[in-house]
Amino acid sequence: MRLSTLVIFLSTITTISACAELKDAGRQISDTTKEVTTDIGHASRDTTRAIGHASRDAVNSVKDDLSKD
């Protein structure tokens, strides 16, 4: 009886330890995914903003040239 109880106890401890490791790995993956997604979003925003500003500047330049004539 004692041997089977010990085996069950050790099995439970091992399972809990494995679950904790999986949970920690999941957190690390989640944090990394969040950071990458944030970086992609910021880069996309900055690129879109730069394109918009360049377009605006080009239109204003042409408008200024036409108004001088």
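Asp46 is partly exposed, with a relative accessible area of 39%; on this scale, buried means under 20%, exposed means over 50%, and partly exposed lies in between, using a 1.4 Å probe and protein chains only. Its partner is Arg45: the two form a salt bridge in which the closest N and O atoms are 3.1 Å apart. A salt bridge here is a side-chain nitrogen of Lys or Arg within 4 Å of a carboxyl oxygen of Asp or Glu. Arg45 is likewise partly exposed, at 39% relative accessible area.

Before continuing, I should state the basis of these values. This is a predicted model, in which local features need pLDDT of at least 70 and side-chain atom pairs count only at pLDDT 80 or more, while totals for chains, interfaces and linings use all residues. Residues are numbered from 1 along each chain as its sequence is written, and side-chain values use heavy atoms, with hydrogens and water left out.

How many salt bridges does a search of the whole structure find? The search finds two. The other joins the side chains of Arg56 and Asp57, at 3.3 Å from N to O. Arg56 counts as partly exposed at 43% relative accessibility, and Asp57 is partly exposed at 43% as well.

As to charge overall, the protein chain carries 9 positive and 10 negative side chains, and the centres of the two sets lie 10 Å apart. Lys and Arg count as positive and Asp and Glu as negative, with His and the chain ends not counted; each charge is placed at NZ of Lys, CZ of Arg, CG of Asp or CD of Glu.

I turn now to the fold. The protein chain has one helix and zero strands, these being DSSP runs numbered from the N terminus (helices H or I, at least four residues; strands E, at least two). The radius of gyration is 30 Å, well over the 11 Å that the globule rule gives for 69 residues, so the chain is more spread out than a compact globule. That radius is taken over C-alpha atoms, and the rule is 2.2 Å times the number of residues to the power 0.38. Along its principal axes, the C-alpha trace spans about 100 × 10 × 5 Å. Buried residues make up 0% of the 69 residues.

Finally, Phe9 is located in helix α1, residues 2-68, and is partly exposed, with a relative accessible area of 47%.
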